[in-house]
Amino acid sequence: MSDLERMAEALALARGAATRGEVPVGAIVVCDGVVVGRGGNAPIAASDPTAHAEIAALREAGASLGNYRLPGCEIYVTLEPCAMCAGAIMHARLSRLVFGARDPKTGACGSVVDLFANPRLNHHTRVVGGVAEEACASMLTEFFAARR
């Protein structure tokens with residue numbers, strides 16, 4: 001499947017988060033062509049500041065594969081990860097991160113900081129940004145406009 005097709009799966013999870021009143025962010029983890037982890041934002045429902053889509057997808061992938069390290073896996077997320085999620089992605093040893101919309105307020109892949117470009121860190125995940133960017137960004141814009 002292409003990056004666009006995978007991002008469409010993450011967008012479906014983001015729509016589900018929006019339906020629950022959460023910021024619409026969705027993520028999937030793919031290993032050997034199979035989705036092994038899925039997540040949608042849930043910090044409000046869970047009363048948990050770490051309940052971001054990426055964290056949920058990583059937790060499910062780890063449980064599915066029986067390992068806290070996920071080498072060779074890729075994560076697709078509709079919004080540029082924050083520093084917490086970027087750190088979790090690096091610690092999980094994911095080979096590739098694909099994200100949709102940039103996050104000018106908390107993005108840790110170049111918008112505010114670029115944790116993945118720091119040469120002193122011991123793992124370097126390849127990053128591809130801007131996949132289905134318009135669809136991902138418009139979902140966020142519409143969500144916040146409706147709440148104002």
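Let me begin with one residue, Glu60, which, once its neighbours within four places in sequence are left aside, is in contact with Val36, Gly37 and Arg38. Please keep in mind throughout that what we are looking at is a predicted model. Glu60 is found in helix α3, and at 36% relative accessibility this residue counts as partly exposed, because partly exposed covers the range between under 20%, which is buried, and over 50%, which is exposed. For a sense of distance within the chain, Glu60 and Val112 are 52 residues apart in sequence, and from C-alpha to C-alpha they are 28 Å apart in space.

Let me now step back to the whole chain. How many helices and strands are there in the chain? There are five helices and five strands, and if you read along the sequence, they follow the pattern α-β-β-α-α-β-α-β-β-α. The radius of gyration of the chain is 14 Å, which is close to the 15 Å that the globule rule gives for 148 residues, and so the chain is as compact as a globular protein of that length. Along its principal axes, the C-alpha trace spans about 40 × 30 × 30 Å. Of the 148 residues, 45% are buried, and the accessible surface of the chain comes to about 7,300 Å², of which 56% belongs to carbon and sulfur atoms. If we take the contacts with a separation of 6 or more, 54% of them are accounted for by residues 24 or more positions apart.

With that overview in place, we can turn to the strands, starting with β1 and β2. Strand β1, residues 26-31, pairs with β2 in the antiparallel sense over six bridges, and one of the partnerships you can look for is that of Gly26 with Gly40 in β2. These two strands form a hairpin with two residues between them, and in the turn you will find Asp32, which has a positive phi of about 55°. Strand β2, residues 34-40, is mostly covered, since five of its seven residues are buried.

Next comes the part of the chain built around strand β4, residues 96-101. How many residues of strand β4 are buried? Six of its six residues are buried, and the strand is therefore described as mostly covered. On one hand, β4 is joined by five bridges to strand β3, residues 73-79, and these two strands run parallel; here the bridge partner of Ile75 is Leu97 in β4. Between β3 and β4 the chain crosses through helix α4, residues 83-91, and this β-α-β crossover is right-handed. On the other hand, β4 also pairs with strand β5, residues 126-128, in the parallel sense over three bridges, where Arg96 has Arg126 in β5 as its bridge partner.

The helix in that crossover deserves a closer look. Which residues of α4 are buried? Cys85, Ala86, Gly87, Ile89 and Met90 are buried in α4, and what covers the buried residues of this helix includes α3, β3 and β4. As a general point for reading any such list, an α-helix has 3.6 residues a turn, so residues three or four places apart point the same way.

Let me move on to backbone angles. In general, most residues other than glycine have a negative phi, and that is the background for the next two residues. Arg93, which lies in the loop between α4 and β4, has a phi near 65°, a positive value in a residue other than glycine. Ser47 likewise has a positive phi, of about 50°, although it is not a glycine, and its place is in the loop between α2 and α3. Is Ser47 buried or exposed? Ser47 is exposed, with a relative accessible area of 67%, because exposed means over 50%.

Finally, I would like to show you some aromatic rings. The structure holds one aromatic pair, formed by Phe143 and Phe144, which is edge-to-face, with 5.2 Å from centre to centre and 80° between the planes. Phe143 is buried, with a relative accessible area of 11%, whereas Phe144, at 35% relative accessibility, counts as partly exposed.

How values were computed: Residues are numbered from 1 along each chain as its sequence is written. This is a predicted model: local features need pLDDT of at least 70, side-chain atom pairs count only at pLDDT 80 or more; totals for chains, interfaces and linings use all residues. Side-chain values use heavy atoms; hydrogens and water are left out. Buried means under 20% relative accessible area, exposed over 50%, partly exposed in between (1.4 Å probe, protein chains only). Helices (H or I, at least four residues) and strands (E, at least two) are DSSP runs, numbered from the N terminus. Two strands pair if DSSP finds at least two bridges between them. A crossover is right-handed if, with the strands pointing away from the viewer, the path from the first strand over the helix to the second runs clockwise. The radius of gyration is taken over C-alpha atoms; the globule rule is 2.2 Å times the number of residues to the power 0.38. Contact means heavy atoms within 4.5 Å. Accessible areas come from the Shrake-Rupley method with a 1.4 Å probe; for residues, only the protein chains shown count as cover. Rings of Phe, Tyr and Trp (its six-membered ring) pair if their centres lie within 6.5 Å; planes under 30 degrees apart count as stacked, over 60 as edge-to-face and the rest as tilted.
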